[in-house]
Number of protein chains: 2
Amino acid sequence: MREVAIIGVGMTKFGKFPDKSIKDLGQEAIWKSIHDTDINPKQIQAAYVGNGLAGVITGQEGVRGQVILRHAGFSDIPIVNVEGACASGTIGMREGMIAVGAGVYDTVLCLGVEKMFCDDTARTLFALSTDTDVETMGGIGFTFVAKYAMDMRKGMEKYGWTQEHFAIVAAKNKYNGSLNPFAQYQEPMTVKEILNSRVVAYPLTLYMCSSPADGAAAVIICAKESAHKYTSKPIITIGACELSSIHLPNLKAKTPGDLDFEAYELPVRAAYEKAGVGPQDIEVAEVHDAMSPAELRAYIVLGFCKGEEIPVWLNQGKTSLRGDLPVNPSGGLAARGHPVGATGLAQISELVWQLRGEAGPRQVSGRTGKGPRIALAQNAGGFIEGEPAVSMCTILKR
Amino acid sequence: MREVAIIGVGMTKFGKFPDKSIKDLGQEAIWKSIHDTDINPKQIQAAYVGNGLAGVITGQEGVRGQVILRHAGFSDIPIVNVEGACASGTIGMREGMIAVGAGVYDTVLCLGVEKMFCDDTARTLFALSTDTDVETMGGIGFTFVAKYAMDMRKGMEKYGWTQEHFAIVAAKNKYNGSLNPFAQYQEPMTVKEILNSRVVAYPLTLYMCSSPADGAAAVIICAKESAHKYTSKPIITIGACELSSIHLPNLKAKTPGDLDFEAYELPVRAAYEKAGVGPQDIEVAEVHDAMSPAELRAYIVLGFCKGEEIPVWLNQGKTSLRGDLPVNPSGGLAARGHPVGATGLAQISELVWQLRGEAGPRQVSGRTGKGPRIALAQNAGGFIEGEPAVSMCTILKR
């Protein structure tokens with residue numbers, strides 16, 4: 001496969017936009033990503049559109065990407081719609097990367113888009129169930145929040161994490177979000193405010209959790225060998241974009257209360273190997289924290305540190321904007337907002353800005369002080385039997 | 001890209017199955033396709049799942065392929081869900097083909113699945129609208145049937161087609177379907193019965209039209225170089241699988257009443273070029289006739305004959321099972337049934353059986369009498385501004 005580069009990124013502000021349709025959101029992100037390059041839109045040869053929930057929430061299914069691209073002024077390009085819950089956007093970029101890598105196309109537009117606010121909150125909540133037979137029709141009512149809460153309680157037991165540690169990481173991300181003009185929540189918050197907010201599912205409080213959001217993010221990729229034709233900005237190479245699904249734990253090997261993160265680790269290991277780097281090389285990361293405390297799980301999964309080292313890491317601010325290894329400089333899912341199909345490409349957009357030195361007040365400095373050169377995005381989507389239905393890891397290099 | 005081969009196919013009967021879920025349908029097709037090969041299921045490295053409407057119709061969205069594959073007993077393989085209305089299944093196979101061609105995987109399972117019967121017919125009809133803002137919320141109510149009827153009326157005007165010609169092609173396909181154990185409708189019908197059935201939208205009568213259906217079809221593909229490891233049956237190569245979307249006509253160049261099939265022709269031209277064959281080489285074809293008379297359009301689009309030659313072709317039975325160029329030996333969409341996401345891979349399954357000489361009473365003989373060696377599938381999905389949102393052409397070679 002040829003090497004594939006990112007030449008343009010763009011996103012809408014994430015938030016509640018009753019007047020904007022999924023078409024409007026998609027169009028805005030698409031054109032922002034085009035204007036981030038020197039490409040002539042007619043040079044875009046194909047599009048991959050990631051969306052998780054528009055069928056249930058908005059009723060637009062079947063050819064959703066075609067409808068959005070047409071609204072944005074496109075015609076006559078192959079369009080592939082992909083779906084994988086909160087990882088939809090990244091899956092689309094991976095499919096685009098494979099097609100460019102294979103030489104099927106030279107330039108591909110990747111869009112992640114989601115419209116979660118509608119006139120019926122129950123519909124949005126229903127859409128978020130992942131296996132509807134089990135979770136909804138079956139009446140079990142197992143939710144994402146419950147799963148996150150259970151994992152965090154196990155972490156408290158096993159690693160000595162406390163609810164205050166969870167509030168510390170949430171406060172870090174709220175601060176980062178306050179510097180991000182695209183974030184849904186741009187108000188910094190104290191550890192105390194977060195701890196004192198309503199308990200959603202112990203140990204998770206309201207301000208640790210992401211909420212529904214509308215938004216879109218787009219990424220333009222091309223064969224690395226021709227990237228200089230379309231941009232004068234630093235060219236970002238996709239070192240790896242790995243995907244795994246429905247990895248189930250070895251139930252016999254598990255003891256009660258044990259934490260098994262292997263489903264999250266598989267694509268990370270694969271991505272490190274493919275990109276030829278390790279945890280020690282990562283200078284900035286965006287991770288999948290639909291609840292801010294899930295960022296702690298990511299530190300373990302990504303090999304940044306051990307579970308029992310995390311309290312010290314948090315107290316030392318190692319993953320804050322000015323720390324050794326900034327994580328979620330964008331604010332992460334809980335502060336930037338989590339329009340599920342758009343989240344993966346919002347992570348990629350943030351990392352591209354960081355790698356180019358374009359992240360403004362939230363720019364991280366990298367290990368050498370000259371800006372980061374290697375970045376990582378960790379993304380996941382859905383649950384099946386308590387494990388992520390989709391698990392992904394992307395490594396970018398300047 | 002490496003050459004890619006089909007080593008296994010399988011499908012459910014198409015029809016109305018109130019007791020079967022989308023998971024049950026998917027599972028049955030998956031295991032039939034596996035049993036059609038000598039592959040060990042653990043050797044399947046990834047899956048692509050095409051579905052058009054389950055979000056709106058069944059409420060299962062987000063990670064639908066993961067839910068189906070898990071139900072079928074799979075874990076630990078990357079799964080990508082794709083969507084493109086009536087072309088969803090073929091789009092999934094194309095994405096799988098690109099990934100195998102690029103060397104990302106060696107063996108891939110492709111599934112097309114749809115569950116259209118539910119407790120609320122209005123929901124199924126709503127799901128079939130392609131741009132919901134325009135067709136449903138906008139109140140225009142433009143439907144697939146209306147579009148097909150308008151095109152056929154133009155064909156009557158321009159080429160001298162009559163309603164009887166439409167009934168002749170429908171009767172041919174009903175007969176073929178009567179020989180197909182997987183078909184939703186297995187009753188042969190006379191031209192007179194078809195002409196006398198209720199008018200749905202003139203010139204289309206009830207028995208010319210496909211109706212909702214439940215069903216699934218699966219295809220296993222691999223790198224051609226290793227296909228002999230997984231099957232002792234004839235190896236079928238994918239010569240081309242081309243995709244275009246939202247090709248809009250040049251409105252200025254059109255005169256009222258003109259028929260413009262270019263959106264359907266584009267992937268056909270590309271597929272002929274890529275596979276290095278032309279219309280004269282095709283020995284059997286499956287075409288997208290959601291209404292049987294649309295098969296006439298396909299003859300033109302595929303370069304089989306000119307519009308004005310079609311009445312003679314029909315009267316001579318050129319495209320019947322024993323004709324020079326059999327089209328829709330399976331019965332086509334209107335007789336086999338049209339569970340939208342499954343249709344594309346049902347076409348591929350039929351052509352694989354024909355190319356292998358396994359099609360039983362509906363086996364065609366090919367030009368040399370030794371069975372066909374080159375086959376073509378034409379597929380489309382959705383409408384935007386009166387043109388197909390997705391248009392595809394696949395060429396298979398023994």
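In this predicted model, E295(A) counts as buried, because its relative accessibility is 0% and the cut-off for burial is under 20%. The salt-bridge partner of E295(A) is K172(A), with the closest N and O atoms 2.9 Å apart. K172(A) also counts as buried, at 12% relative accessibility. The pair connects distant parts of the chain: K172(A) belongs to helix 8 (residues 163-178) of chain A and E295(A) to helix 11 (residues 294-301) of chain A, 123 residues apart.

A second long-range pair involves R2(A) and D106(A), whose side chains meet in a salt bridge (3.1 Å, N to O). R2(A) lies in the segment before strand 1 (4-11) of chain A, and D106(A) in the loop between helix 4 (88-102) and strand 4 (107-115) of chain A, so this salt bridge ties together parts that are 104 residues apart in sequence. R2(A) is partly exposed, at 23% relative accessibility, and D106(A) is likewise partly exposed, at 30%.

Over all chains, the count comes to 50 salt bridges. Four of them are listed below.

| Salt bridge | N to O distance |
|---|---|
| K172(A) and E295(A) | 2.9 Å |
| R2(A) and D106(A) | 3.1 Å |
| R64(A) and E61(A) | 3.7 Å |
| E61(A) and R64(B) | 2.9 Å |

E61(A) appears in two of these rows, pairing with R64(A) and with R64(B) of the other chain. Both chain A residues are buried: R64(A) has a relative accessible area of 3%, and E61(A) has one of 1%. Through shared partners, salt bridges join E61(A), R64(A), E83(A), E61(B), R64(B) and E83(B) into one network.

Between chain B and chain A there are six salt bridges and 34 residue pairs in polar contact. Helix 4 of chain B contributes six residues to the side that touches chain A, the most of any element. By class, that side has 31 nonpolar, 17 polar and 11 charged residues.

The contact comprises 59 residues from chain B and 58 residues from chain A. About 4,400 Å² is buried between the two chains, with carbon and sulfur atoms giving 52% of this area. E61(B), E83(B) and I246(B) supply 14% of the area that chain B buries against chain A, more than any other three residues.

Strand pairing also crosses the interface. Strand 3 (residues 79-83) of chain A runs antiparallel to strand 3 of chain B, and three bridges join them. Within this pairing, E83(A) stands opposite N81(B).

Notes: Residues are numbered from 1 along each chain as its sequence is written. Chains are lettered from A and ligands numbered from 1 in the order in which they are written. This is a predicted model: local features need pLDDT of at least 70, side-chain atom pairs count only at pLDDT 80 or more; totals for chains, interfaces and linings use all residues. Side-chain values use heavy atoms; hydrogens and water are left out. Contact means heavy atoms within 4.5 Å. Buried area is the accessible area (1.4 Å probe) that two parts lose on being put together, summed over both. A salt bridge is a side-chain nitrogen of Lys or Arg within 4 Å of a carboxyl oxygen of Asp or Glu. A polar contact is a pair of N or O atoms within 3.5 Å; within protein, one must be able to donate a hydrogen and the other to accept it, and residues adjacent in sequence count only if both atoms are side-chain atoms. Helices (H or I, at least four residues) and strands (E, at least two) are DSSP runs, numbered from the N terminus. Ala, Val, Leu, Ile, Met, Phe, Trp, Tyr, Cys and Pro count as nonpolar, Asp, Glu, Lys and Arg as charged, and the others, Gly among them, as polar. Two strands pair if DSSP finds at least two bridges between them. Buried means under 20% relative accessible area, exposed over 50%, partly exposed in between (1.4 Å probe, protein chains only).
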